[in-house]
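Pull the model up in your viewer and keep the sequence beside it. We'll begin with one pair of residues and work outwards from there.

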Amino acid sequence: MHDRFTETRHGRLHWLDSQAADDTPNTQASSLSPLILLHSAGGSAHEWQLVWAALSGQRRVLALDLPGHGDSD
C-alpha cells in the first residue's frame with residue numbers, strides 16, 4: 001500500500017496505490033483496468049486494509065480519499 005498525493009485547485013487529494021512508483025507493472029495486473037475503491041460516508045481509503053492484499057494480488061488497486069475525508073483536504 002503506497003500513499004500518493006496530488007495538488008488540485010481545491011486542495012490536496014490522497015489515494016492509496018498497490019503499485020510502487022518504481023515497480024515494473026505485473027503483466028497480469030497491467031492487462032486489466034485498475035480496481036478503484038471508494039470509502040463509505042465519513043470513512044477513508046484505509047477502510048480497505050483488511051482486503052487489500054487479496055485484491056491487489058490480482059490487479060492494480062487504487063483507493064481514493066474523497067475531499068474532506070481521510071488524508072485529503
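Start with Leu38, whose bridge partner in β4 is Leu64. Keep in mind as you look around that this is a predicted model. The pair belongs to a wider match: β3 and strand β4, residues 61-65, run parallel and are joined by four bridges.

Now for the other pairing. Strand β1 covers residues 2-8 and strand β2 covers residues 11-17, and these two pair in the antiparallel sense over seven bridges. The link from β1 to β2 is a hairpin of two residues. If you want a spot to check the register, Thr6 stands opposite Leu13 in β2. As a reminder, strands of a sheet pair through backbone hydrogen bonds, and they can do so parallel or antiparallel.

Put the strands together and you get an open sheet of four, ordered β1-β2-β4-β3, with mixed pairing. Which strands stand at the edges? They are β1 and β3 (35-38), and each has a single partner strand, so one side of each has no neighbour in the sheet. On average, neighbouring strands of this sheet are turned by 30° against each other, direction ignored.

Step back to the chain as a whole. From the N terminus on, the elements go β-β-α-β-α-β, which comes to two helices and four strands. Among contacts between residues at least 6 apart in sequence, 58% join residues at least 24 apart.

Next, look at what sits against the sheet. Helix α2, residues 49-56, lies across β2, β3 and β4, and it runs at about 150° to β4. Which residues make up the largest nonpolar core? There are six: Leu16, Leu37, Ala45, Trp52, Val61 and Ala63. Leu37 is a handy one to click on. Leaving aside neighbours within four places in sequence, Leu37 is in contact with Trp48, Trp52, Leu55, Val61, Leu62, Ala63 and Leu64.

A charged-looking name deserves a stop too: Asp17, which lies in strand β2. Is Asp17 buried or exposed? Its relative accessibility is 2%, under the 20% cut-off, so Asp17 counts as buried. What does its side chain meet there? The side chain of Asp17 makes a polar contact with the side chain of Arg60, at 2.5 Å. Beyond its neighbours within four places in sequence, Asp17 is in contact with Met1, His2, Arg4, Trp52, Arg60, Val61 and Leu62.

That list brings us to Met1, found in the segment before β1. With a relative accessible area of 40%, Met1 falls between the 20% and 50% cut-offs and is therefore partly exposed. Setting aside neighbours within four places in sequence, Met1 is in contact with Leu16, Asp17, His46, Gln49 and Trp52. For a distance to check in your own script, try Met1 and Trp15: they are 14 residues apart in sequence and 9.7 Å apart in space, C-alpha to C-alpha.

Finally, the surface. Of the 73 residues in the protein, 27% are buried. The accessible surface comes to about 4800 Å², and 54% of that belongs to carbon and sulfur atoms.

Definitions and conventions. Residues numbered from 1 in each chain as written. Predicted model: local features only at pLDDT ≥ 70, side-chain atom pairs only at ≥ 80, totals over all residues. Heavy atoms only, no water. Pairing = 2+ DSSP bridges. Core = buried A, V, L, I, M, F, W, Y, C linked by side-chain atoms within 4.5 Å. Buried < 20%, exposed > 50% of the residue type's maximum accessible area, 1.4 Å probe, protein only. Contact = heavy atoms within 4.5 Å. Polar contact = N/O pair within 3.5 Å; in protein donor to acceptor, adjacent residues only side chain to side chain. Areas by Shrake-Rupley, 256 points an atom, 1.4 Å probe, with all protein chains shown as cover. Axes fitted to C-alpha atoms, helices over the stretch in contact; angles between N-to-C directions.
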